[in-house]
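Colleague: Before I set up any calculation, I should like to discuss the ligand site and the overall fold. May we look at the model together?

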Amino acid sequence: MKTLGEFIIENQNQFEYSTGELSKLLNAIRLAAKSVNHEVNKAGLVDILGVTNKTNSSNEIQQKLDVFANEAFKNALINRNIICGFASEEEDSFIRVLDQNNKATNNYVVLVDPLDGSSNIDTNVSVGTIFSIYKRVTEKGTTVSEIDFLQKGGNQIAAGYILYGTSTMLVYTTGYGVNGFTLNPALGTFYLSHPNMKFPEKGHIYSINEGNYNHFPIGVKKFIKYCQEDKDQRPYSSRYIGSLVSDFHRNLIKGGVYLYPSTLKHPNGKLRLLYECNPIAFLSEQAGGTASNGTQRILDIEPKSLHQCEPFYCGTNEMVENIYDFLNE
Ligand code: P6P
């Protein structure tokens, strides 16, 4: 089986002015993924479980592993002179990155959700890292500004996730399809185990936290009831892990839809547009699926702030279209 390193080199000529920078960037992500995977897998044995006494900009308590994962990706990316800017769900604002000549000569900015679903860590549920890569839009050589990060998701150069699950996988796209790599822990090498991943034509899984049912938009309530009716032998199952990367990955392989609507506690939805919705939406469309906020395509949304949230409906086309119809009846 082909390794991730071989795959990156083979495909770097997809970019007209590929200076190898994107390849170096993807390799840095690969390195950080191995470091976080090592820490996550031994979490029960060392004092890295539990919470810090800090909260992030979304006022969520930071788990110790959140902080570890954030530092691992930040250091792997900033210390290699390959990016000009870094932003994270765990950082209040973006970080300007200068090269050794104190200039911002590199082309890419990276945004990460370093450990999505981290509230599950203490219960040994799979968690994930989500990353998103853009070319800067401000003048090369100047330090980056917020508009380099507030780009619509359709501008992404690459996006992906690492799933720290029963096996550790790195799944990513650069706009030429979605490919999944599984880590061989004995060798510390990712191998191409899931080439050209696509959603199945039909989906029978819906993933939503039904504990918020009373506060869902009426269209979402109608969709849930539609799935629960037993007309035409509708074989729907409800599966919800509470970890977006795990729920999305299962739906991608088996067919299904993930929903995080507006709720009483999160009137604009809970998922962050830049760090969760956009990268997962890019992967979803590249795998033949769809991603919407209920009124428009996720990748068309013009971001207004780094940590803004959006309602999120993502997965098998037919199921997202069904939700869209119920929402816009
Ligand atoms: P709830 C994790 O915090 C996350 O952002 C997603 O990974 C997950 O799907 C969702 O929130 C879970 O939220 O409100 O259902 O617990």
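Colleague: Into which classes do the residues of the shell around the ligand divide?

Modeller: The model is predicted, so local features need pLDDT of at least 70 and side-chain atom pairs pLDDT 80 or more, while totals for chains, interfaces and linings use all residues. Residues are numbered from 1 along each chain as its sequence is written, and side-chain values use heavy atoms, without hydrogens and water. With Tyr and Leu counted as nonpolar, Asp and Lys as charged, and Gly as polar, the shell comprises four charged, four polar and five nonpolar residues.

Colleague: How many residues surround the ligand?

Modeller: A residue belongs here if one of its heavy atoms lies within 4 Å of the ligand. Among the closest are Asp116 and Tyr258. The number surrounding the ligand is 13.

Colleague: What share of the ligand's exposed area does the protein bury?

Modeller: Polar contacts (N or O pairs within 3.5 Å) link ligand oxygen atoms to the side chain of aspartate 116 at 2.5 Å, to the backbone of leucine 244 at 2.7 Å, and to the side chain of lysine 270 at 2.9 Å. Alone, the ligand exposes 400 Å² (Shrake-Rupley, 1.4 Å probe), of which the protein buries 82%.

Colleague: What is the radius of gyration of the chain?

Modeller: The chain has 15 strands and seven helices (DSSP runs of at least two residues for strands and at least four for helices). The globule rule, 2.2 Å times the number of residues to the power 0.38, gives 20 Å for 329 residues. The chain is as compact as a globular protein of that length, because its radius of gyration, taken over C-alpha atoms, is close to this at 19 Å.

Key. A polar contact is a pair of N or O atoms within 3.5 Å; within protein, one must be able to donate a hydrogen and the other to accept it, and residues adjacent in sequence count only if both atoms are side-chain atoms.
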